[in-house]
Amino acid sequence: MKQRVIISRHLKTELAKAIAECEHDRIFVLVDETTNKLCWALVKDYLCLKDAQTIIIGATDRRKNLDTLVHVWESLQQGKATRHSLLINLGGGMVTDLGGFAASTYKRGINFINIPTTLLAMVDASVGGKTGINFGGLKNEIGVFNDAEFVLLDTNWLRTLDEENIRSGYAEMLKHGLIADDTMWAELINFNIAQPNLRQLASMLNKSVRIKERIVTEDPHEKGIRKALNLGHTFGHAFESWAMKRQPILHGYAVAFGLIAELYLATTRTDFPTERMRQTVNFIRAYYGSLPITCNDYPELIELMHHDKKNRGNEINVTLLGGIGDIRINQTITEEDIKEALDFFREG
């Protein structure tokens with residue numbers, strides 16, 4: 001089933017319609033501690049949610065684990081959820097990923113609706129049917145592909161976000177620009193992310209979501225072109241898992257750092273224009289900073305990359321670009337390539 005992604009103009013009306021179109025004997029709303037405070041209060045009086053039961057989980061990606069998943073399953077069970085119940089995931093990517101997985105597995109699957117409240121969740125996590133949890137110190141290690149019935153994107157939530165979370169989501173938009181075309185990339189690279197114009201950001205968000213939607217529709221289970229969306233993620237997930245054990249970073253920051261390393265490899269391996277690489281890298285370094293990685297961390301990062309889901313056997317695969325919009329999936333890289341890219345990353 002193709003999920004219906006709606007750029008919302010009036011959330012109360014559109015949510016009521018979406019709920020009416022989903023079979024439901026009971027409604028549950030999943031929030032984390034942050035969205036419970038900042039977001040649930042804004043919608044809990046909607047008539048369509050008057051009988052909804054809330055399930056509250058801890059915030060941040062550290063809670064995207066088996067213990068939290070068990071808590072959601074238990075809450076559904078204690079709330080007498082049946083196969084005909086509906087789960088609404090109100091929150092960022094952690095909530096939509098974990099909530100989607102809980103819904104997909106409870107009683108072999110119940111319907112769910114995603115209402116992403118962060119920029120990252122709007123452009124990435126909530127669209128495309130990827131659900132899951134972190135496991136064994138690795139990002140998104142356990143999960144399934146399963147579409148939400150509806151994804152309701154309301155850019156008014158952006159007003160609830162701090163600067164870091166805006167930048168985190170923006171990194172995925174930058175990735176979409178790189179795999180799309182020069183015009184989109186140029187608009188993104190010239191946007192003032194330090195003082196974002198939310199109206200312009202909403203327009204750019206719309207384009208970004210449509211890029212992802214088009215790719216996901218063509219390749220729902222990541223057999224081919226959907227791997228384009230992994231640009232920046234082989235290194236990015238390794239950086240994120242490395243940071244989890246030290247000082248956790250937001251997913252978008254990890255992707256931004258991954259883009260630095262992978263764009264460098266694209267210039268040396270697939271002839272990506274050096275000037276475009278430098279412009280993009282300078283933008284990322286200006287707004288995202290860096291990570292305190294040393295040569296001593298290379299073996300751990302390489303080991304983390306060996307666990308990446310895109311790999312086959314012992315080969316490490318990445319998505320690279322021959323130019324903006326010129327996607328090269330299934331590029332095998334060596335440990336020497338990785339060390340060279342990490343050296344470049346640390347130059348900043």
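**A walk through the sheet, its helices and the core**

Hi everyone, let's start in the middle. Strand β5, residues 111–116, has five of its six residues buried, so the rest of the structure largely encloses this strand. Before I go on, please keep in mind that this is a predicted model.

What does β5 pair with? On one side there is strand β4, residues 86–91, which runs parallel to β5 and is joined to it by six bridges. If you want a place to look, find leucine 86, which stands opposite asparagine 111 of β5. Then there is strand β8, residues 150–153, which also pairs with β5 in the parallel sense, here over two bridges. For that pairing, look at asparagine 114, whose bridge partner in β8 is valine 151.

Now let's zoom out to the sheet. Six strands make up an open sheet with parallel pairing, and the order across it is β1-β8-β5-β4-β2-β3. At the edges sit β1 (4–7) and β3 (53–57), each pairing on one side only. On average, neighbouring strands here are turned by 20° against each other, ignoring direction. As a general reminder, strands of a sheet pair through backbone hydrogen bonds.

Which helices lie on this sheet? One of them is α4, residues 93–105, which lies across β2 (27–32), β3, β4 and β5 and runs at about 165° to β4. Another is α8, which touches β1 and β8 and whose direction makes about 170° with that of β1.

Next, let's follow the chain out of β5. Threonine 117 lies in the loop between β5 and α5 (119–125). Is threonine 117 buried or exposed? Its relative accessibility is 2%, and because buried means under 20%, threonine 117 counts as buried. Leaving aside residues up to four places away in sequence, threonine 117 touches Thr35, Cys39, Leu90, Gly91, Gly92, Met122, Trp157, Thr160 and Leu161.

A little further along is leucine 119. With that same sequence neighbourhood of up to four places left out, leucine 119 touches Leu158, Leu161, Asn165, Ile166, Gly169, Tyr170, Met173, Leu201 and Leu205. Leu119 also brings us to the largest nonpolar core, which has 118 residues; Leu49, Ile88, Ile113, Leu119, Tyr170 and Phe235 touch the most other members. Which helix gives this core its largest share? That is α10, residues 251–269, with 11 residues.

Finally, let's visit helix α7, residues 182–189, and two helices it packs with. With α11, residues 274–288, the angle is about 35° and the axes are 11 Å apart. The crossing of α7 past α11 is left-handed. Here Asp182, Trp185, Leu188 and Ile189 of α7 meet Arg276, Gln279, Thr280 and Phe283 of α11. That contact divides into four nonpolar, two polar and two charged residues.

The other helix is α8, residues 198–218: its axis and that of α7 come within 12 Å and cross at roughly 145°. This crossing is left-handed too. On the α7 side we find Met184, Glu187 and Leu188, and on the α8 side Gln200, Met204, Lys207, Ser208 and Ile211. Again the contact residues split into four nonpolar, two polar and two charged. You may have noticed Leu188 in both places: it takes part in the contact with α11 and in the contact with α8.

That's my tour, thanks for listening!

Notes:
Residues are numbered from 1 along each chain as its sequence is written. This is a predicted model: local features need pLDDT of at least 70, side-chain atom pairs count only at pLDDT 80 or more; totals for chains, interfaces and linings use all residues. Side-chain values use heavy atoms; hydrogens and water are left out. A nonpolar core is a set of buried Ala, Val, Leu, Ile, Met, Phe, Trp, Tyr and Cys residues joined through side-chain atoms within 4.5 Å. Buried means under 20% relative accessible area, exposed over 50%, partly exposed in between (1.4 Å probe, protein chains only). Helices (H or I, at least four residues) and strands (E, at least two) are DSSP runs, numbered from the N terminus. Contact means heavy atoms within 4.5 Å. Axes are lines fitted to C-alpha atoms, for helices over the stretch in contact, and angles run from 0 to 180 degrees between N-to-C directions. A crossing is left-handed if the near helix is turned anticlockwise from the far one by less than a right angle, and right-handed if clockwise. Ala, Val, Leu, Ile, Met, Phe, Trp, Tyr, Cys and Pro count as nonpolar, Asp, Glu, Lys and Arg as charged, and the others, Gly among them, as polar. Two strands pair if DSSP finds at least two bridges between them.
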